[in-house]
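Grab the model and work through these three short exercises. Try each one before reading its solution.

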Amino acid sequence: MRPAPVTRATPLGVVLLLGACGPADEVPGEAAGDGDPAPLVAVREVFAQVPVVGDVSDLHLLGDEIVLVAGTCGAAEIDLATGEVLAEVSFDLPCPPFLGSRIVDVDGDGSLEFARFSAGWVGPTAVLERDGSPRWVEPTPARCDRLFDVDGDGRLEVLVAEPNSPDVRLLDHAGEVVWSRTWTKGNLDAWPWDVDGDGADELLDVDGEALHVVGRDGRELHATRPPGSAYVNAVRFVTASGAPRDARVLVGDHQHGRQVYHAYGQDVRTYLGTHGRELALSFVGTQSLRRRGATLHAKLENRKKQAWPAGHESSRLRLTVLDPGTGATLEDWIDPEGQELARADGALLPLGGDPCRFLVGYGPTIWKFVLD
Ligand SMILES: [Ca+2]
Ligand SMILES: [Ca+2]
């Protein structure tokens with residue numbers, strides 16, 4: 001049996017010096033037997049509290065010294081060395097739960113903006129300036145979880161649709177409608193993906209029967225029906241190395257009462273096999289951390305609790321870190337005391353360095369992890 005990973009939380013506001021996270025007293029006394037890898041060990045501390053942002057949904061490093069934080073309700077700049085909040089703004093918009101913002105350069109001019117959107121059927125969709133004022137606001141919710149670039153000009157587009165509607169619209173970086181289209185049947189999200197590697201994104205959508213690939217003009221380029229598929233219901237992208245046969249795209253399928261994933265290459269036409277849920281999703285949603293020359297896979301999963309009749313009533317964030325070379329893992333639940341709200345999905349920002357450091361934001365709090 002693998003020993004439980006160890007994390008040590010420190011009280012709010014207490015800052016540990018990096019030199020205080022020596023490994024010796026962190027490793028469990030019980031020796032790992034039979035070749036089991038030693039667990040990864042991290043020290044965790046509160047880095048900053050930023051209630052003005054609402055729920056943290058994105059983290060970005062400005063140069064070497066400042067962390068830019070964006071959330072559901074606002075944004076802040078934080079000194080990386082001290083955790084001091086240097087500047088903060090509230091978005092000049094209503095602030096519904098779950099509607100996270102991303103730090104992006106929407107118009108490709110080299111300076112960052114905030115794009116607030118979510119595929120969770122919550123509007124409005126908006127782009128905001130760094131001072132929190134709206135550049136443009138579209139009342140319709142987004143139908144995708146990422147901005148994308150269908151024409152490869154470096155300026156980003158977004159797809160919007162009313163809840164449950166198959167009618168979608170592509171908006172350009174300025175919020176203007178580029179095209180409107182009726183999806184074949186579906187009311188599910190769309191996912192941007194560059195199927196031909198030319199630097200411009202296509203859009204993928206599923207409708208139960210097939211995966212459809214839509215080009216920059218909104219017209220279908222081709223459809224892929226996985227072998228033996230019953231109900232094609234999801235698309236996921238491989239973000240970790242080591243997936244079977246170098247799969248890039250996973251197409252979800254509910255067949256015979258269980259969810260499986262069909263693996264494809266980048267073109268979403270080259271079929272590479274079908275896998276169970278656990279194996280397939282282990283390659284999805286990960287970010288890379290560097291530790292002693294090895295690349296670790298880090299992943300956040302927001303385990304939202306379903307509310308009746310709709311929505312979410314609470315959530316917890318699970319952090320997992322895996323060293324694929326040794327099989328060593330770290331698992332930590334980020335579950336602030338008194339947390340009875342559902343939160344936006346949180347964000348992870350690798351900081352590099354040795355020992356390996358990274359930030360995790362969730363709710364109004366940002367933690368720093370130091371991985372020995
Ligand atoms: Ca810009
Ligand atoms: Ca574009």
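**Warm-up: confidence**

The average pLDDT (the predictor's confidence in each residue, from 0 to 100) is 88 for this protein, and 89% of the residues score at least 70. Residues 1-33 sit below 50, and this stretch has 46 contacts in the model beyond near neighbours in sequence; a contact means C-beta atoms, placed from the backbone, within 7 Å.

This is a predicted model, where local features need pLDDT of at least 70, side-chain atom pairs count only at pLDDT 80 or more, and totals for chains, interfaces and linings use all residues. Residues are numbered from 1 along each chain as its sequence is written, while chains are lettered from A and ligands numbered from 1 in the order in which they are written.

**Exercise 1.** Work out the strand order of the open sheet of four strands.

*Solution.* Strands are DSSP runs of E, at least two residues, numbered from the N terminus, and two of them pair if DSSP finds at least two bridges between them.
- The order is β3-β4-β5-β6, paired antiparallel.
- β3 (56-62) and β6 (85-90) are the edges, each pairing on one side only.

**Exercise 2.** Find the partner of Glu77 in β6.

*Solution.* Start with β5 (residues 74-79), which pairs with β6 in the antiparallel sense over five bridges. Glu77 has Ala87 as its bridge partner.

**Exercise 3.** Trace what touches Val321 outside its neighbours within four places in sequence.

*Solution.* Its contacts are Leu40, Leu289, Leu296, Ala298, Thr329, Leu330 and Leu371.

Definitions and conventions
Contact = placed C-beta atoms within 7 Å.
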